[in-house]
Amino acid sequence: MDLALFQPDQPPNTGTLLRLGACVRTPVHIIEPCGFPFSPKAVKRYAMDYADHVQLHHHLEWSAFETWRADAGRRLVLLTTQAVQSYVDFNFEDDDILIVGSESSGAPDYVHAVADARVTIPMTAQVRSLNVAVAAAMVLGEALRQTDGFKNIER
């Protein structure tokens, strides 16, 4: 299971998701351009002392990520408020890549178009969406539970 961040624009959320990846042994992919400077020094600042514990993959653009994914033959699962399928009713596979869109604009149509699946978190009608880091943590937790992904985490 991997987690991909499509053009993130909030450093604190990126840091939180890098820490999540470190804590649950989930590789994290950053797909540029970011809405903030992205460098090894910046990663250490955002992810603090967790930066050395996360398997980080940096893709300079969407096409580079898509080439990597196609070569790897991996399924892409998009987390989006525009989906009908609830993440709790979805059958995750252990080599899925969960992708979240940018905090300010979500994922563009071309990401939706190539996603193998789109899932959402059920929410009340009065609200727009969850914080991207919270949403990713919820869905990743369920995906790891379904695929026994927690069994490989050292304690």
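Let me begin with one residue, glycine 21, which is buried, with a relative accessible area of 3%. Glycine 21 sits in helix α1, and, once residues up to four places away in sequence are set aside, it touches Thr26, Val28 and Val54. Leucine 78 lies 57 residues from glycine 21 along the chain, and the C-alpha atoms of these two residues are separated by 17 Å. I should say at once that what we are looking at is a predicted model, and everything that follows should be heard with that in mind.

Stepping back to the whole chain, we have five helices and six strands, and, read from the N terminus, the order of these elements is β-α-β-α-β-α-β-β-α-β-α. The radius of gyration is 15 Å, close to the 15 Å that the globule rule gives for 155 residues, so the chain is as compact as a globular protein of that length. If we take the principal axes as our frame, the C-alpha atoms fill a box of roughly 40 × 35 × 35 Å.

As for how the chain is packed, 50% of its 155 residues count as buried. Among the contacts with a separation of 6 or more, 75% are made by residues 24 or more positions apart. The chain exposes about 8200 Å², and carbon and sulfur atoms supply 50% of that area. On the charged side chains, there are 13 positive and 19 negative ones, with the centres of the two sets lying 6 Å apart.

I would now like to turn to the aromatic residues. How many aromatic pairs does a search of the whole structure find? The search finds six, and I will go through two of them with you. In one of these, the rings of phenylalanine 6 and tyrosine 110 have their centres 6.2 Å apart and their planes at 75°, and because planes over 60 degrees apart count as edge-to-face, that is what we call this pair. Phenylalanine 6 belongs to strand β1, residues 2–6, while tyrosine 110 belongs to helix α4, residues 109–114, so the pair ties together parts that are 104 residues apart in sequence.

Are the two partners buried or exposed? Phenylalanine 6, at 2% relative accessibility, counts as buried, whereas tyrosine 110, with a relative accessible area of 41%, is partly exposed.

The other pair I have picked out joins tryptophan 62 and phenylalanine 65, whose ring centres are 5.5 Å apart and whose planes meet at 35°, so this pair is tilted. Both residues are in helix α3, which covers residues 62–72, and, being three residues apart there, they are separated by about one helical turn. Tryptophan 62 and phenylalanine 65 are both buried. If we then follow the ring pairs from residue to residue, they link Phe6, Trp62, Phe65, Trp68 and Tyr110 into a cluster, and you may find it helpful to display those side chains together.

Next, the backbone, where I would point to the loop between β2 and α2, in which proline 33 has its place. The peptide bond leading from glutamate 32 into proline 33 is cis, with omega near 0°. Proline 37 is also found in the loop between β2, residues 28–31, and α2, residues 40–47. Proline 37 is exposed, with a relative accessible area of 60%, and yet, leaving out residues up to four places away in sequence, it touches Ala42 and Tyr46. Between proline 37 and alanine 115, which are 78 residues apart in sequence, the C-alpha to C-alpha distance is 27 Å.

Which residues other than glycine have a positive phi? I can name glutamine 7, where phi is about 40°, and arginine 25, where phi is near 50°. Glutamine 7 is in the loop between β1 and α1, the latter spanning residues 11–23, and its relative accessible area of 23% makes it partly exposed. Arginine 25, for its part, is found in the loop between α1 and β2, and with a relative accessible area of 52% it is exposed.

To close where we started, helix α1 holds glycine 21, which is buried, and the loop that follows between α1 and β2 holds arginine 25, which is exposed. I am happy to go back to any of these residues on the screen.

Methods
Residues numbered from 1 in each chain as written. Predicted model: local features only at pLDDT ≥ 70, side-chain atom pairs only at ≥ 80, totals over all residues. Heavy atoms only, no water. Helix = DSSP H or I, 4+ residues; strand = E, 2+ residues; numbered from the N terminus. Rg over C-alpha atoms; globule rule 2.2 N^0.38 Å. Buried < 20%, exposed > 50% of the residue type's maximum accessible area, 1.4 Å probe, protein only. Contact = heavy atoms within 4.5 Å. Areas by Shrake-Rupley, 256 points an atom, 1.4 Å probe, with all protein chains shown as cover. Lys, Arg positive; Asp, Glu negative; His and termini not counted. Charge placed at Lys NZ, Arg CZ, Asp CG, Glu CD. Phe/Tyr/Trp six-rings, centres within 6.5 Å; stacked < 30°, edge-to-face > 60°.
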